[in-house]
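Colleague: Could you walk me through how you read a model like this one? I'd like the general idea each time, and then the case at hand.

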Amino acid sequence: MITLAENRYGKSRVRVVKVKRHPGRHELRDWTVEILLEGDFESCFTAGDNSKILPTDTLKNTVYSLARSSKADCMEEFGKELIVFLLERNPQVMVARANISEKAWEHLSTHGSPHPTTFLQSSGECQTAEIIANRSDPPTVRSGFDNLVILKTAGSEFVRFIKDSLTTLPESTDRLFGTAVKARWNYLSSTAPFSALRSKIRETLLDVFAAHKSKSVQHTLYAMGERVLADVREIADIELTMPNKHCLLLDLSLFGQDNPNEIFVPIDEPHGYIEAHIRRRD
């Protein structure tokens, strides 16, 4: 016997830019939205019957229409509006999921002050949110960010690791520590102050990274997550991914020069890869 197992469909990479025009100051949101629906769609897969299928083009149009009418001030709230709207209008849908990413724009500074209607994208950091709802439970919200690129030039070492016949890496008591942080966290409530908590979590992660006396990427990653969970009681857990973006000390002795930990070669590939899921004890 052959049967259809898990399945879903939807629309991906729906780009929308929204400008909120306040008197004397504008706000800019740059979102990329993915919508995925799960439900009673078996007849479409097995028999080519589209009678229960909402076209993905309609999903795209729904994003734009709701963006126009929405009062949401963050992508988490917009995602909640979007999936509730779809569940209310489509009884064949059992679960709706919205994945949203946001490019960070900030007001351009001119003559020492932020310009009210001009924006600058100064980093590749991307904010993220995942909102899921079914017909019997309130929405769950998971927020995060990708590609927060940070580097410290002191306070990092890596010593006393395993050395076998294939180990060539020397110990270092003063190395550069660069990474591109990816973070995800789950809220305890679907009505949390998402924007304020996002800012607090991000600031906490950066503060710990800067101040921590690192013995390894793992050591610092755990310290960052531990502090977030201690300071932000509104979240249940946090997942952190921190690739080790190597900067290798260059040997200048062939040129008759010393290198007192000043000249490095950045290496994009290969790089170390470290991740962990940190949560409170039950």
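Modeller: Happy to. Let's start with a helix: in helix 3, the buried residues are Met 75, Glu 76, Phe 78, Gly 79, Lys 80, Leu 82, Ile 83, Leu 86 and Leu 87. Keep in mind that this is a predicted model.

Colleague: How many residues does helix 3 have, and what span does it reach from its first C-alpha to its last?

Modeller: Helix 3 has 15 residues and reaches 21 Å, close to the 21 Å expected at 1.5 Å a residue.

Colleague: And the chain as a whole?

Modeller: The secondary structure comes to five helices and 12 strands. The C-alpha atoms fill a box of roughly 75 × 65 × 40 Å along the principal axes. Of the 282 residues in the chain, 39% are buried. Take the contacts between residues at least 6 apart in sequence: 64% of them join residues at least 24 apart.

Colleague: Back to helices, then. How do I read a pattern of burial along one?

Modeller: An α-helix has 3.6 residues a turn, so residues three or four places apart point the same way. Now take helix 2, residues 56-69, where Leu 59, Thr 62, Val 63, Leu 66 and Ala 67 are buried. Seen down the axis of helix 2, these buried residues fall within an arc of 125°, so they line one face of the helix.

Colleague: What covers the buried residues of helix 2?

Modeller: The cover includes strand 1, strand 2 and helix 3. As for its span, helix 2 has 14 residues and reaches 20 Å from first C-alpha to last, close to the 20 Å expected at 1.5 Å a residue.

Colleague: Is there another helix I could practise on?

Modeller: Try helix 5, residues 217-231, which has 15 residues and reaches 21 Å from its first C-alpha to its last, close to the expected 21 Å. Its buried residues are Val 217, Thr 220, Leu 221, Ala 223, Met 224, Gly 225, Val 228 and Leu 229. Strand 8, helix 4, strand 9 and strand 12 are among what covers them.

Colleague: Next, cavities. How do you find one?

Modeller: Rolling a probe the size of a water molecule over the atoms shows where empty space is left. Here the count comes to one cavity of 30 Å³ or more, and the largest cavity has a volume of about 50 Å³.

Colleague: Which residues line the largest cavity?

Modeller: The lining is made of Lys 18, Lys 20, Arg 29, Trp 31, Ala 67, Ser 70, Ala 72, Asp 73, Cys 74 and Phe 78. Strand 1 (9-22) and strand 2 (25-39) are the elements that give two or more residues to it. By class, the lining has five nonpolar, one polar and four charged residues. Two names link back to the helices: Ala 67 is buried in helix 2, and Phe 78 is buried in helix 3.

Colleague: How about backbone oddities?

Modeller: Most residues other than glycine have a negative phi, and most peptide bonds are trans. In this model, the peptide bond from Glu 269 to Pro 270 is cis, with omega near -10°. Pro 270 lies in the loop between strand 11 (264-266) and strand 12 (275-279).

Colleague: What is phi of Asn 147 near, and where is Asn 147 placed?

Modeller: Phi of Asn 147 is near 60°, a positive value in a residue other than glycine. Asn 147 sits in strand 7 and is partly exposed, with a relative accessible area of 35%. Arg 160 also has a phi near 60°, but its place is the loop between strand 7 and strand 8. Arg 160 is exposed, at 67% relative accessible area.

Colleague: Last topic: residues far apart in sequence. Is Gly 144 buried or exposed?

Modeller: Gly 144 has 0% relative accessibility, so it counts as buried. It is found in strand 7, residues 140-152. Leaving aside neighbours within four places in sequence, Gly 144 is in contact with Gln 127, Thr 128, Ala 183, Arg 184, Trp 185 and Arg 198. Gly 144 and Lys 182 are 38 residues apart in sequence, with 7.4 Å between their C-alpha atoms.

Colleague: And how does Thr 191 read?

Modeller: Thr 191 lies in the loop between strand 8 and helix 4 and is exposed, with a relative accessible area of 62%. Its C-alpha is separated by 9.6 Å from that of Thr 140, which is 51 residues apart from it along the chain.

Note on methods. Residues are numbered from 1 along each chain as its sequence is written. This is a predicted model: local features need pLDDT of at least 70, side-chain atom pairs count only at pLDDT 80 or more; totals for chains, interfaces and linings use all residues. Side-chain values use heavy atoms; hydrogens and water are left out. On a 1 Å grid over the protein atoms alone, a cavity is a set of points where a 1.4 Å probe fits but cannot get out, and a pocket is an open set with protein on both sides within 12 Å along at least five of seven lines; lining residues have an atom within 4 Å of a point. Grid points are joined across faces, edges and corners, and a volume is the space filled by probe spheres set on the points. Helices (H or I, at least four residues) and strands (E, at least two) are DSSP runs, numbered from the N terminus. Ala, Val, Leu, Ile, Met, Phe, Trp, Tyr, Cys and Pro count as nonpolar, Asp, Glu, Lys and Arg as charged, and the others, Gly among them, as polar. The expected span of a helix is 1.5 Å times one less than its number of residues. Buried means under 20% relative accessible area, exposed over 50%, partly exposed in between (1.4 Å probe, protein chains only). The arc is that of the directions from the helix axis to the C-beta atoms. Contact means heavy atoms within 4.5 Å.
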